[in-house]
Each structure stands twice: as C-alpha cells, then as structure tokens.
Protein chains: 2
Amino acid sequence: MDQNSLPPIQTTARDDAVLKALVGFVRAEALQPGERLPTERILAERLKVSRNTVREALTRWEGLGLVERRQGSGTYLKAAVSPDMLHMPLTLAGGNDFTSLMHTLEIRRALEAEAAALCAERASPADIAEIKRKLDIMEQAFRTRDGMSSEEDWEFHQAIYRVSGNPLFEQIIAAMHELFHRFWEHPLGVRDFGHASFPYHRTIYECIAARDPQGARAEALKLIATVEDDLKRGAAKLKLSSQT
Amino acid sequence: MDQNSLPPIQTTARDDAVLKALVGFVRAEALQPGERLPTERILAERLKVSRNTVREALTRWEGLGLVERRQGSGTYLKAAVSPDMLHMPLTLAGGNDFTSLMHTLEIRRALEAEAAALCAERASPADIAEIKRKLDIMEQAFRTRDGMSSEEDWEFHQAIYRVSGNPLFEQIIAAMHELFHRFWEHPLGVRDFGHASFPYHRTIYECIAARDPQGARAEALKLIATVEDDLKRGAAKLKLSSQT
DNA sequence: GTGGTCCAATGGTCCAACCAATTCTGCACG
DNA sequence: CGTGCAGAATTGGTTGGACCATTGGACCAC
C-alpha cells in the first residue's frame, strides 16, 4: 500500500492555513511589494479565525522578512510570495567584534563581485536606466550632505542585486548589512565612512552599462577593499582610544 | 546638521525585550539544545507581560528554527542562542524549480571560489595535510563505489571552508547544500552526478598546497561549472521525459 | 499656507477562559 | 510485583473582547 496516499491529517494548523489563504489572496489581487494588505481585524473576520491567530501567522511572515507591520498604518508586503516558497532561516552566531565584521565583509566581497558580474551580463536597457537613476540620487545626496549617503548608497546596491536576477544575493547581503550598520556608527564613529568607496559606485555602473562582467567584478572588489580599509582604520582608532 | 545625530527613538519593543530576556535566561541556566524552557504561563508571569506577548516572541524564534513547540509537552531549545545572533531568513520562490537550484549554485559559486582563495592564503601545513587526508578518502570512495561519493565529497569541501578561517562560509553553504540535496536525487535521477567535477578536487587541493589563491579560485569555479552543467543536463532530461 | 487639534483606523498588549495534545498518576487487575 | 488503562494535571493552541499607542487624515483657527 502506498503510504503516501495517507498523508497525516491536519487537525490543527490554523496559522499555517491562514498563511496559505493569504498567499492566495495576494495572488488573486496581484499585490505588489509595497502595497498594503487587509487589516488584521478584517482578515480575522473573513477567515473566521481569531485575530490572535492572524497575528501569529503575520508574525511568522514578518520574521521571514516577507511583510512589514507599521503600527497605526497597516501591514505591507515586502517581497513576492508564492504557494511553494521555500524557507531557509539561517541564524549565525555572530559577534560584535572586529573579526566578525571582517568575516561578514569577506562574504560580502564574494557576493558583491558575483552579483555585479551577473548584473552586467543580464541587465536590460531599462535595468541599466534604473541603476543609473539610483546612482544619480546617491551622488546627489553625497555631494549635498558631504558623505553619509548610506541610505541611498544601499539602494544603489540593492538595485544591482535585483537586476542580477537572483534574490538570494539581496537577502544574504541584507543580513550582513544590518549587522554591519548596527555595529558601525556606535562603537566606531568614523565620520568619513564611505568617502573612499564613493568613486567606485560610478565605475561599477559604467562597467554594467558597458556589459563588462569582468570589469564590474573588479570594480566591486575595489569598493569592498576600501570598506575593509575603513574598518581597519576605525578599529585601530578604537583600540588606541581604549588604551588611554 | 548631521542627520544621523537624531536616531529614531524606541518607545516600545515588548516582544523583542522578551527575547532578550530569554537569551539571558538560557545563558544563565546554561540550557543546551534539546532542553525544555519554562512554560509560556511562567514566562508571562515572571516577565510581567501578557502570555500573548510571550507567544509572539516564541513564534518568532520558532520561525527561525531556534525553538520547537510541542503542544501538551512544552517548548524546547533547538539551537544555541547568543545575544548577538545574525538572522538571515532566505526564501526561494518556487521550491523544486530549476531556477531555484541555479540560484543556490550562483551563491555557491561565489562563496566556493572565495573560500578556496582564502584557504590557499591562510592554510598552515597541518591544515594542508588535513585537506589532503579528506581528499584521499574522497578519491578512494569514488574509485571504490564508482561515483556517488557525495558524503566524502562534502567533507572535503567543509575542510576547505574551515581552513578559510571564516565560519560563515561553512554555515551558509551548508544551508544551500541541504536544500540542494533535498531536491537533487529525487526529481532528477542523474546517476553519474559528480563524475565531471571529480578531477577538480585534486587540482583545488594542489593550488592550496602551492599557496596559489588565484589558481584555487579558478579551479573552484571550474568545479561549480561542471555541477551547473550536470544540473542543466538533468533538467533537460526531465523536461524531455515529461513531454512523453 | 502654517500650525494645531481632534478623530478614526490600525497594529500592540492584555485578560480570562476554553480546546487539544501530551504526560504523569494511581488504581485495578493479572 | 508489574502491567495496562482511565483520569487528572500540564502545556501549547485558539478564542473573543477590551484597551493602549501610533499613525495619518480631516478640519479649523490664525
């Protein structure tokens, strides 16, 4: 007898069922990332479950980065969802010390270079225009505020990851990025962080626009190298000040 | 004015606080994975928060695979926790899809190459001997069983990640590896998987032993290229058979 | 316009009870 | 004495209802 013809019955899987229904809703309404999904109260009423159950389900999605909740405003879709998503939550024993930061940078160096190369291979004219737009915004912010364009800088990089066609780049580097920034301004208050890396953003873009994967890879490596330099200088300064 | 001198204030973060307290508890009691942690009701009472809040916090941890809840039994620790963990939730749209596997391979290509290069830079003589040992075991298994040495193959690669000095390589690639194998043998029954990649294991080792980072990187890229080839061939075969 | 006030909508928290699965307990029976 | 089973106690899962905190828009006085 085929054992697979008797799947275990699901007497309780309320929140899972809620998520499945939500996937169906998102697809039916063709919701795009950034759009708002129904109120918790409405979901609870429509699905005939308690609001608490809806909340547990949404908490799961929030933990997976699929959704973002803003009190007083609503719950917003943050990424595309599909019925057969595969979740691979990975928690690493990080550390807020210098070597841990260097480790994340080594990962980022590998991924950033590959993403830039893939991006140069696959970018459509529209993609290139979008990347240029982000680059302009970033350079503008950099000149206006004289450095500290971290937000726009990050958006530029994200655009590259997206055009690479592989969502894993963005997801993995986003985790690194968060750790990095959580640690950056607080312990090491390096004011001019990002100054050194600034010119390479444009060179990366130029290589992508020229469809030059190897060039893009090389420029990305240079960019990360400047960040590693900044980090080392910051750590040295920190060590010095702690000795006084 | 420096815009970063006014960070957003943090007024409420209940469930986050619960998790932080829980991390403290686990460390204070030196709880090991597998052990049970206090009841939701007890936690709620001790932390002076509602049981609902405790549940939301635990739901987060459950989603991250840090904890397992068994109704009627209790909540059990599933992995070590630390105050500064790095969460990296990866979600792939389209589970056993060809493109998903290709995406994991792109990540692996980037990381594998970087790890091999770092390994060649940093390996001590003892490290090199250890890698050679794994290589010999793998080659032996390959010849004896004529292919299908996936277990020993994996150990060889893990040795390289370890010698690279960056634990993130092993952890991230391990997650990919697990995903990859879960879908490999099942949908695409490619018997001779790994045959093509076999010779490159030795060439990688030789570059590492010769302290040649660029060579190691190049050989690692060749290895992944063969795996990508196998995957494409398997997918083509699958597509063909599904058309009959 | 500008700024302030109010108000409705929405996520966050709390409470108290009950349901469902599991585990423990103790008694009856062999 | 052990064995098995019924029932109690424990524990996570769900419910419904209430209130708080934040948000954002509407409205109004200046």
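## Notebook: the DNA surfaces and some elements around them

I began with the surface near DNA strand D, which by class has one nonpolar, twelve polar and ten charged residues. I took near to mean that a heavy atom of the residue lies within 4 Å of the molecule or strand. For the classes, Ala, Val, Leu, Ile, Met, Phe, Trp, Tyr, Cys and Pro count as nonpolar, Asp, Glu, Lys and Arg as charged, and the others, Gly among them, as polar.

I note that this is a predicted model, in which local features need pLDDT of at least 70 and side-chain atom pairs count only at pLDDT 80 or more, while totals for chains, interfaces and linings use all residues. Residues are numbered from 1 along each chain as its sequence is written, chains are lettered from A and ligands numbered from 1 in the order in which they are written, and side-chain values use heavy atoms, with hydrogens and water left out.

**DNA strand D.** I listed the 23 residues around DNA strand D and found that A:Arg14, A:Thr53, A:Gln71, B:Thr39 and B:Arg51 come nearest. Sugar and phosphate make up 58% of the atoms of this strand that come within 4 Å of the protein. I then looked for polar contacts, which are pairs of N or O atoms within 3.5 Å; within protein, one must be able to donate a hydrogen and the other to accept it, and residues adjacent in sequence count only if both atoms are side-chain atoms. A polar side-chain atom of A:Thr53 lies 2.5 Å from a phosphate oxygen of DNA strand D, and a polar side-chain atom of B:Arg36 lies 3.1 Å from a phosphate oxygen of DNA strand D. Two or more residues of this surface come from each of helix 3 of chain A and, in chain B, helix 2 (40-47), helix 3, strand 2 and strand 3. Helices (H or I, at least four residues) and strands (E, at least two) are DSSP runs, numbered from the N terminus. Helix 3 of chain A gives the largest share, three residues.

**DNA strand C.** I counted 25 residues around DNA strand C, the closest being A:Thr39, A:Arg51, B:Arg14, B:Asn52 and B:Thr53. Here sugar and phosphate account for 60% of the strand's atoms within 4 Å of the protein. Polar side-chain atoms of B:Arg14 and B:Thr53 lie 2.6 Å and 2.5 Å, respectively, from a phosphate oxygen of DNA strand C, whereas B:Ser50 places a backbone N or O atom 2.9 Å from one. Helix 3 of chain B gives the most to this surface, with three residues, and the surface divides into one nonpolar, 13 polar and eleven charged residues.

**Strands.** I found that strand 2 (residues 67-70) and strand 3 (residues 74-77) of chain B pair in the antiparallel sense over four bridges, where pairing requires that DSSP finds at least two bridges. B:Val67 has B:Leu77 as its bridge partner, and B:Gly72, in the turn of this hairpin, has a positive phi of about 80°. Between the chains, strand 4 (residues 86-93) of chain B pairs with strand 4 of chain A in the antiparallel sense over eight bridges, with A:Leu90 opposite B:Met88.

**Helix 6 of chain B.** I checked residues 150-163, a helix of 14 residues. Ten of these 14 residues are buried, so helix 6 is largely enclosed by the rest of the structure; buried means under 20% relative accessible area, exposed over 50%, and partly exposed in between (1.4 Å probe, protein chains only). Among the buried residues are B:Trp154, B:Phe156 and B:Tyr161. Just after the helix, B:Gly165 takes a positive phi of about 85°.

Definitions and conventions
Expected span 1.5 Å × (residues − 1).
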